[in-house]
Amino acid sequence: MKIHGHSTYEPQSGFTRWLDKRLPILRLSYDSFVAYPVPRNLNYWWTFGAMLSLCLGVQIVSGIVLAMHYIPHVDFAFASVQRIERDVPFGWLIQNMHAVGASMFFLAVYIHMFRGLYYGSYKAPRELLWILGCIIYALMVATAFLGYTLPWGQMSFWGATVITNILGALPLVGESIQVWIRGGGAIDQPTLNRFFSLHYLLPFIIAGVVALHIWALHEAGQNNPTGVDVKTKEDTVPFTPHATMKDLFATSLFLIMFATFIFYMPDALGHADNYIPANPLQTPPEIVPEWYLLPFYAILRAFDFNIGPIDSKLAGVLAMFASIGVLFVLPWLDTSRVRSMRYRPIARQFFVVFVIVCVALGWCGGQNPGLILAKTSDFTATLTWVQGGQVVERPVQAESADAWDDAAAAARASLREGGATMTAVNREAATTGRARGVSGGTQESRTVSGETIDEMEAAIAELKTSVGQAAPFFVVERRQPPTFTVTNLSQILTAYYFLFFLILLPVLGLRETPGRVPDTIAKPVIAKETAGAA
Amino acid sequence: MAEATADAHAGTETTRRDFIYIAAGAVAAVGAAATIWPFVDQMNPAADTRALSTTEVDLTAVELGQQIKVMWQGKPVFVRHRTPAEIAQAHRDDYANLKDPQMDADRIVQEDGQPGRAEWLILEANCTHLGCVPTFVEGSAFGGWFCPCHGSDYDTSGRIRRGPAPKNLVPAPYVFLNDTSVRIG
Amino acid sequence: MLRAFTAAAAVLVAAVGVAFAAGEAEHPENHPFSFESPVGSYDMGAVQRGYQVYAQVCASCHGMNHLAYRHLGEEGGPFAVYQVRNHETGAEELHVGKPEHGGRFVDVVENPYVRAIAEGVTIVDTDPNSGQPTERPGRISDHFRNPFPNEIAARASNGGAYPPDLSVITSARHGGADYIRSLLIGYDGHNEGTLYGNRYFPGGLIAMPPPLAEGAVSYADGTPTTVEQYATDVATFLQWAADPHMEERKRTGLVVLAFLIALSVLLYLAYKQVWRNENH
């Protein structure tokens, strides 16, 4: 149902009447942001749209100013950022504003998106509004990635290397696209220059899509916490001053948090390694993107196994793009007739789990993928040796690398025939090695354990030194208990992520019994007021 | 019920409502202005540019009757070691018919107000007509610089005597750091 | 709403926290530096002494490319000079460091201490007359002298290891100033080959030999010349070098936050006023 009918704008002065006949921009502004009716029951989750407009403005203005001083050249980029921080008047402030602003932008957009998911703002007739939002989000991700390269720190360089590498995973065209984007075989000056140009460009494309997003919004009108359509004038209030004032208030609270980071914790959301100038010859101990991209990083790394003909690297890339892609088709996945999860008690619980899963994926993305979270037992190793006894040593030669196992087995067999009670074969090259056997003496064995692999290795070394010369050589058998790593956790979380969109929402829409949805927006609001007054 | 209460307080409501809007608006406006200042100020010369805004010159390298050209803030500057003959001519010409009248002593005064030294003349090397760099020609009509672009003639104090240039060569601000060096700017 | 925001902020920062670098490195000792709190400032005496330690000990291997000598004398720097009136003699004199009251900041171009520091250093430059490389005394506009002409030379002189540039070292290491200080006093003597054992360096072995020795640098102000003191002072100096605008930043932050809180209160009241007669 179209909210807006007839424009109520009346130009007051001669100039505004003249302008209205030629370019009705004031009329458009009035109709869109003053008289425009919004549901009266909107809660604070609806203020994030205004905050996002502010964030976009802050990033564009601070970015243009930074571009007056930044030098997009591999030899000068890092130094130019230092110059901005040290020598440019208020450069430290503008630089911090831009870096922290990116994080604030993403924080606000995630809350804005979760609001949309919870209240069903993506459902008809707002499908295109939602899709435009997804496009804005994808452009934001691209812009952030490009921008992070510009300071040319270690994380800038290596993050760009990793992400452009994943394009190489695409079959057939992957390699050429990779070279085309980089402008060469590796991330270098051509890459930096074009990334700067594109980083400057994309925010203006975002601004254009935002205009479409607001246009689409105004066609359908705002959703509201009940998910019930606007039916009468009673349901709405004019945007100015009601929504304007609420947005301003909420935004000033948002700015308090923004300012706290800028002035007291400017580097808290960044990574120390990006203060090390980029070094193509040395990879940092860990390569991680900024926090807002960590969930996707976790999904990318969760695929450490091949799926049929699709190798793990490609699987990870496809899953990562699919995790954003699935959002685009969400309006058609959710089959529920009820918009707002306020009245969908089962869906709401799955949604809460979904939010936790997203946060947990973010945590996983920042961890070492091999980090062990749980294991059934400690790491153990059993050492066997023979004390006293005679050692016989003989070289092993295989015909080819593939024939090694057979040659080793043959060497062992021949040593045993010669009376050896314990044998060990060491491979030194592709086709050569040594075989040793001990005959006589007493066989001993001991098992050591450790909570971590390092502890176990230390225990092995300690045991070897304590036995010392008594044993000519040891046979070490290491056992790894079943472990649950960060990668395993990421796999479970990724599964839930896709399950939520592809299975849960479609099924719940059809099977769930929703709560009682109010008839109109105004009724519960008035009922609440009456109850409060009474 | 809410409406009834509103009507009763209609009179006092107006002023209270307006006050809070005016107060909030004023505070927000102050904040907006304070926020705009850093964005304007950042275009002002940065600390490194300001630090290069002075150039020090070692005068022992300039022989009597010679001049050197140094760069100061990206512009060329003449540092001339004048001969007594040039100085005498400059003083004589103080009373000549000058397009841009100025005493030689006033053209060599230091930036801090101290008098300069007659043998040291420090001028911005751009012709005041359209900016070309003039050449010092000994034995020329007025004893000083000649600009090849449009034929402006300057005297031994750098004052315009003949030609299209409207003003004298501009003295660069300087101070003597000691007997053998000056700081320009 | 504010609680929700602070909670969100806390979750954000916690989620960002990445596991401390691998290896058996010990967590750095937490030293109560004066600049750590939100209202903290730099102990300028420590920054001055730290500069001295850097210049006499570290500068032979480590450059600080992004600092210029004039930075030492700009407002907020260790050798910033102010003109104050001496109450006894009535004369105007130069005072290093911000005086308690009054005092006019003297522009770095007129700062004799910074000029002396710069002139004490020899810079390689191109001779303006011959065009050949030549040496000249430093100027305040010069960046800190690089001990090596490039990274290759630096590695060649240090057994393949590159002494990192120290301009932003406290920002470039997890643990910041605490880490730098601990590293400098953390040598445990368990050396292996050309590497030296250090409790705090990831991996336990570092290419840098212990740089500090007791009494190596003499302090004019009588501060004890122990290794720990040197480490604390140079860590303070390096923190200043990485973040020279810290004090201005925190001061501005206080004003901005106070303003925003006041504005929020006013906007809240205005918002309440707007919705006074509306059900919502």
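How many residues of chain C are in contact with how many residues of chain A? In this predicted model, 43 residues of chain C are in contact with 44 residues of chain A. On the chain C side of this interface, helix 1 (2-16) and helix 7 (246-274) each supply at least two residues. Helix 7 of chain C gives the most to the side that touches chain A, namely 15 residues. Sorted by class, the side of chain C that touches chain A has 28 nonpolar, 11 polar and four charged residues.

Chain A also touches chain B. Here 12 residues of chain A are in contact with 10 residues of chain B. Two elements of chain A, helix 3 (48-67) and helix 5 (91-119), are those that give two or more residues to the side touching chain B. Of the elements on this side, helix 5 of chain A gives the most, with three residues. The classes on the side of chain A that touches chain B are nine nonpolar, one polar and two charged residues.

The discussion now turns to the interior organisation of chain A. This chain is divided into domain 1 (39-372 + 501-511) and domain 2 (379-481). Domain 1 of chain A is thus written as two stretches of sequence, 39-372 and 501-511. Between the C-alpha centres of domain 1 and domain 2 of chain A there is a separation of 54 Å.

One pair of helices in chain A deserves attention. Two packed helices are described by the angle between their axes and the distance between the axes. Helix 6 (residues 127-149) of chain A and helix 9 (residues 189-220) of chain A pack at an angle of about 160 degrees, and their axes are 8 Å apart. An angle over 145 degrees counts as roughly antiparallel, and helix 6 and helix 9 of chain A are therefore roughly antiparallel to each other. The crossing of helix 6 of chain A past helix 9 of chain A is left-handed. In the contact of these two helices there are 22 nonpolar, six polar and no charged residues.

Chain A also contains paired strands. Strands of a sheet pair through backbone hydrogen bonds, either parallel or antiparallel. Strand 5 (residues 390-397) of chain A runs antiparallel to strand 7 (residues 432-439) of chain A, and eight bridges join the two. Within this pairing, A:Gln390 has A:Ser439 of strand 7 as its bridge partner. Strand 7 of chain A pairs with strand 6 (residues 422-427) of chain A as well, again in the antiparallel sense, over six bridges. In that pairing, A:Met422 has A:Val438 of strand 7 as its bridge partner. Strand 6 and strand 7 of chain A form a hairpin, with four residues between them.

Chain B offers a further arrangement of strands. Three strands of chain B form an open sheet in the order 2-3-4, and their pairing is antiparallel. Which strands lie at the edges of this sheet? The edge strands are strand 2 (67-72) and strand 4 (120-124) of chain B, each of which pairs on one side only. On average, neighbouring strands of this sheet are turned by 25 degrees against each other, direction ignored. Strand 3 (residues 75-81) of chain B pairs with strand 4 of chain B over five bridges in the antiparallel sense. One of the residues in this pairing is B:His81, whose bridge partner in strand 4 is B:Trp120.

Chain C, with which this account began, is divided into domain 1 (1-65 + 160-244), domain 2 (68-142) and domain 3 (254-280). Between the first two of these, six residues of domain 1 are in contact with seven residues of domain 2. Helix 2 (residues 44-56) of chain C provides four residues, the largest share of the domain 1 side that touches domain 2. The residues on that side of domain 1 of chain C comprise five nonpolar, one polar and no charged.

The strands of chain C complete the picture. Strand 1 (residues 81-85) of chain C pairs with strand 2 (residues 92-96) of chain C in the antiparallel sense, over five bridges. In this pairing C:Arg85 stands opposite C:Glu92 of strand 2. Strand 1 and strand 2 of chain C form a hairpin with six residues between them, and C:Gly90 in the turn has a positive phi of about 80 degrees. Strand 1 of chain C also pairs with strand 3 (residues 104-105) of chain C, in the antiparallel sense over two bridges. There, C:Gln83 stands opposite C:Arg104 of strand 3.

Conventions
Residues numbered from 1 in each chain as written. Chains lettered and ligands numbered in written order. Predicted model: local features only at pLDDT ≥ 70, side-chain atom pairs only at ≥ 80, totals over all residues. Axes fitted to C-alpha atoms, helices over the stretch in contact; angles between N-to-C directions. Parallel < 35°, antiparallel > 145°, perpendicular 65-115°, else oblique. Left-handed = near helix turned anticlockwise from the far one by under 90°. Nonpolar A, V, L, I, M, F, W, Y, C, P; charged D, E, K, R; others polar. Domains from an automatic or database assignment. Contact = placed C-beta atoms within 7 Å. Pairing = 2+ DSSP bridges.
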